[in-house]
Amino acid sequence: MGLKSSTLLQEEDIEELQNETGFSPNQIRRLYSRFSSLDKSTKGTLSREDFICIPELAINPIGDRIIDAFFMNEDSQERGEETCNFRQFVKTLAHFRPFDASKENPLNTREKKLRFTFKIYDLDNDGQISKDDLMQVLHMMVGRNISDEQLGGIADRAINDADTDKDGVISFDELKRVLENVDMNSKMSIRFLA
C-alpha cells in the first residue's frame, strides 16, 4: 500500500481504508487533510506531542487515554514505536464511527467498541479492570473535586456491581454484561461529516 512507502494518499489507499474502516472516500480524504495538518515533522507519522496540540483532547479529562488509544495497536507495539501513521490514525478513529448493525464493519462493531472501551479502562494492560485502574480513570475525569475516599467508594461499588465471579476485578465479559443495554453508538461515537 502506498502509505507504507510514501506520505501521499493514493486512490488504492482510499479504497483499502474504506473497506477496512467503513469511512467514505470523502471522509478519508478529510481525515488525511487533518492528519497532514497535525504532522508538523512531515514524516508521515504523529507523535504524542502532535496529539496534545488538539484542543478537544487537551480539555478532555481522559484526553491522555484517548491519545494512548492511537498507540495501542499491534503495529506500534511490535516495533516499540511511539508514532502513529495515517492507517493507524484512521483505524483508531473508526472505533468512534457510528455503526449500522445491518452493515457492521470489522473495526466498527458493538463488540469492538466494547473492547476499545475496556482497553481505555485497563490502564496496566493486564486484561482486567482493577480498583486501581478505576481510581486512576476517575481521577482523570473528576480531578481533585472528590476525595480519594469517595472515589474508592465509587470504584468499589462499580466492581461489586460488575464482578460476577467475585475475584475483585472486572473482566471483559463482565464489562460487556454491565453495558449490555447501553447504546454504544450514542456513548462512543463521533459524527464524521460526509
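So, how many disulfides does a search of the whole structure find? Zero. Keep in mind, everyone, that this is a predicted model.

Let's stay with cysteines for a second. C53 counts as exposed, because its relative accessibility is 57%. C84 goes the other way: with a relative accessible area of 0%, that residue is buried.

Okay, on to charges. As a bit of background, side chains of opposite charge can pair when their charged atoms come close. Here the structure holds ten salt bridges, and I'll walk you through a few.

Start with K91 and E20, whose side chains meet in a salt bridge at 3.8 Å, N to O. K91 sits in helix α8, residues 86–94, and E20 sits in helix α2, residues 11–21, so this pair ties together parts that are 71 residues apart in sequence. How exposed are the two partners? K91 has 31% relative accessibility, so it counts as partly exposed. E20 comes out at 22%, so that one is partly exposed as well.

Next up, R48 and D68. They form a salt bridge too, and the closest N and O atoms are 2.6 Å apart. This pair also links distant parts of the chain: R48 belongs to helix α4, residues 48–52, while D68 belongs to helix α6, residues 63–69, with the two positions 20 residues apart. R48 has a relative accessibility of 24%, which means it's partly exposed.

Now one that stays inside a single helix. R115 and E111 meet through their side chains in a salt bridge, 3.3 Å from N to O. Why are they separated by about one helical turn? Because they're four residues apart in helix α9, which covers residues 110–121. Both ends are partly exposed: R115 is at 42% relative accessibility, and E111 has a relative accessible area of 28%.

There's also a network to look at. E16, E20, R87 and K91 are joined into one by salt bridges that share partners. So you've met two of those names already: K91 and E20 are the pair at 3.8 Å.

Last bit, annotation. The UniProt record, an unreviewed entry, has "domain: EF-hand" over residues 109–144 and 150–185. What does the model show there? Over 109–144 the chain is 67% helix and 0% strand, and the end C-alpha atoms are 35 Å apart. Over 150–185 we get 61% helix, 0% strand, and 30 Å between the end C-alpha atoms.

That's my tour, thanks for listening.

Definitions and conventions
Residues numbered from 1 in each chain as written. Predicted model: local features only at pLDDT ≥ 70, side-chain atom pairs only at ≥ 80, totals over all residues. Heavy atoms only, no water. UniProt positions renumbered as here; feature names shortened; annotations may be inferred. Disulfide = S-S within 2.5 Å. Buried < 20%, exposed > 50% of the residue type's maximum accessible area, 1.4 Å probe, protein only. Salt bridge = Lys/Arg side-chain N within 4 Å of Asp/Glu carboxyl O.
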